[in-house]
Amino acid sequence: MAMIASAACLVAFHLGLIFWGLVPNLVSRPLHLALALPWIFLFAEGGRASRWSGIVFCALGMAASIWIAWQHSALGDQYGFLEGDFQIGIAVVLLVVVLEAARRAISWPLPLVALLALLYGLFGQHIPGEFGHSGTPLASFLGTLTIAEGGVWGSLAGVSVSVVAIFVIFGAVLNAGEAGQGFMNIASAAAGRLKGGAAKVSVISSALFGSISGSASANVASTGAITLPAMTKLGYPKRLAAAVEAVASSGGQIMPPLMGAGAFVMVELTGVPYTAIMAAAVLPALLYFFAVWVGINAYAGRYELAGLAAEDRPSPRAVIITSAFFAVPFAVLMWGMFVTSMTPQYAACMAILVGFVMLFFHADGSFDLGRTLGRLENAVINAARQVSMIAAIILCASIIIGVLSITGLGVKITSLILSASGGMLWPSLLLTALACLVLGMEVPTTAAYVICVSVAGPALTKLGLEPLQAHLFVFWFALLSTITPPVCGAVFIAAGMIGENWLKVAVTAMSLGVGLYIIPLTMVANPAIMEIAINPVSALVALAQIGLGLALISYALIGAFTLLWRVGLGGAGFAVLFGPVMLAG
């Protein structure tokens with residue numbers, strides 16, 4: 001009962017913020033943390049010691065957060081400078097609680113980076129050379145991070161409160177009903193009869209589901225429960241079935257209209273409207289799934305992969321009825337954003353209300369109050385869990401961003417990237433891609449993107465990239481770790497669900513998901529692919545060119561050809577993709 005009450009409060013608070021009007025940032029953001037902490041410390045699984053320490057951390061963190069919100073007017077007059085030992089104690093408690101919350105939510109790597117950043121901020125003045133800093137008074141350093149809007153309560157926290165939380169709630173409401181079955185039915189009707197149909201169903205359903213879940217792991221766990229048994233039943237090799245699900249699920253995070261939390265963080269960091277980001281991202285995302293589709297066709301030729309039997313495909317009536325459970329809320333969302341020019345979060349609130357009403361309806365036409373109440377409970381609890389986990393990630397990442405800003409370390413790392421690459425764009429891109437891959441191996445995609453773009457983004461823009469181009473490049477490469485060894489979360493989950501060696505799955509996934517490695521580079525080599533809204537003809541020409549190059553490379557990697565043919569096809573693919581740039585250079 002406590003979980004339901006806590007979840008309902010969290011959901012009501014975030015929806016209420018959209019309708020209450022202007023709420024001070026030092027009220028809404030600390031209360032956001034206070035409502036998230038019980039889900040990190042009290043309602044998570046753990047042993048006796050973890051539960052008792054969780055009570056202490058939760059109580060201290062909630063008390064400190066509520067005190068910040070209560071004293072927001074007076075604290076605003078301090079301009080980030082702490083007064084007295086009590087306020088220093090509040091600051092230390094907040095930082096420790098945020099670090100521990102992130103550790104419990106996603107393990108050590110991100111909070112360890114944040115801790116190192118804090119140590120650098122406190123003691124970096126003792127580091128000789130250009131990577132030291134001049135030092136900041138303790139009261140000013142801790143105060144900027146905890147009682148002003150330059151650290152924990154910075155702009156990223158604002159995105160988590162006002163936008164990310166709303167769309168997470170929207171996704172939870174849809175998933176609690178029959179929208180997931182609607183995704184599966186549409187995918188089965190569209191691709192089930194085709195050669196390799198079961199794998200293509202996985203691609204379509206994962207793209208649809210991933211556009212609202214924003215999590216590769218959640219996507220694998222949900223759609224994979226249906227698609228993986230279907231593929232193995234039809235004789236698909238286990239490594240292929242798991243790889244298809246992992247690759248398709250990873251693509252959900254780059255698929256408009258929602259694109260997970262990263263898109264909304266990108267709005268805040270770039271100042272580019274959400275609709276413009278969505279327009280720039282749509283063709284690259286379609287190319288990614290096109291490359292996966294081509295790879296499945298190549299595997300289908302090698303293994304004679306069958307489509308779904310007629311009796312396993314849904315009837316047209318079932319497709320129409322179940323698709324309404326996500327089509328109607330999505331239509332309201334799109335209508336709100338594009339027709340009436342509502343803000344994305346206000347349009348999402350309208351869609352949430354429609355989705356809430358649809359939880360009372362069932363595809364079989366029955367009315368079951370018990371089942372409806374179960375859906376409502378499932379919706380608020382899942383929403384609270386996901387909002388809290390993202391809050392823990394974003395607030396911890398905000399510490400790192402705050403330290404980079406206070407100490408000037410971000411500028412120094414930018415200079416290092418520029419000097420290491422000799423001031424040339426493509427070496428800088430490769431260095432950035434490597435950094436994204438390494439960081440993303442142990443840090444969630446959104447956090448990896450935020451940290452990488454904070455230090456590498458300025459370098460890339462100085463070398464000529466548009467801000468949105470640089471951010472999308474980093475965002476895509478932050479996804480690499482979902483399918484790339486040694487730490488590949490989506491692959492691990494899919495391999496575990498189907499009982500296959502994860503390394504075999506990872507190798508197959510990398511060949512199927514080759515677009516994830518190549519498409520970000522084509523966004524730089526051929527930026528017209530992101531200009532569908534302002535230059536549709538050039539964008540469609542770029543779409544055809546990049547699509548051809550990806551198809552050639554996919555067949556070179558997967559098709560049943562001799563080595564000479566593979567080399568020839570791969571070389572032709574790279575020539576199509578990057579030949580014009582090399583000739584122009």
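Contact here means heavy atoms within 4.5 Å. By that rule, and leaving aside its neighbours within four places in sequence, Leu512 is in contact with Leu240, Ala243, Val244, Val247, Ala291, Val292, Gly295, Ile296, Tyr299 and Ile558.

This is a predicted model, in which local features need pLDDT of at least 70, side-chain atom pairs count only at pLDDT 80 or more, and totals for chains, interfaces and linings use all residues. Residues are numbered from 1 along each chain as its sequence is written, and side-chain values use heavy atoms, with hydrogens and water left out.

**Fold and dimensions**

The protein chain has 26 helices and zero strands. Both are DSSP runs numbered from the N terminus: helices are H or I with at least four residues, strands E with at least two. The C-alpha trace spans about 75 × 65 × 50 Å along its principal axes. The radius of gyration is 24 Å, which agrees with the value near 25 Å for a compact globule of 585 residues. That radius is taken over C-alpha atoms, and the globule rule is 2.2 Å times the number of residues to the power 0.38. Among contacts with a separation of 6 or more, 76% join residues 24 or more positions apart.

**Core**

Of the 585 residues, 54% count as buried. Buried means under 20% relative accessible area, exposed over 50%, and partly exposed in between (1.4 Å probe, protein chains only). A nonpolar core is a set of buried Ala, Val, Leu, Ile, Met, Phe, Trp, Tyr and Cys residues joined through side-chain atoms within 4.5 Å. The largest one holds 187 residues. Leu512 is among those with the most contacts inside this core, along with Tyr288, Leu333, Ile399, Tyr449 and Phe473. Helix α17 (residues 369-407) gives the most to the core: 17 residues.

**Surface and charge**

The accessible surface comes to about 22900 Å² (Shrake-Rupley method, 1.4 Å probe). Carbon and sulfur atoms own 69% of that surface. The chain carries 21 positive and 20 negative side chains, and the centres of the two sets lie 12 Å apart. Lys and Arg count as positive, Asp and Glu as negative.

**Two loop residues with positive phi**

Most residues other than glycine have a negative phi. Tyr79 and Ser107 appear below.

| Residue | Phi | Loop | Relative accessible area |
|---|---|---|---|
| Tyr79 | about 55° | between α4 (72-76) and α5 (84-106) | 73%, exposed |
| Ser107 | about 80° | between α5 and α6 (109-123) | 39%, partly exposed |

Terms used. Charge placed at Lys NZ, Arg CZ, Asp CG, Glu CD.
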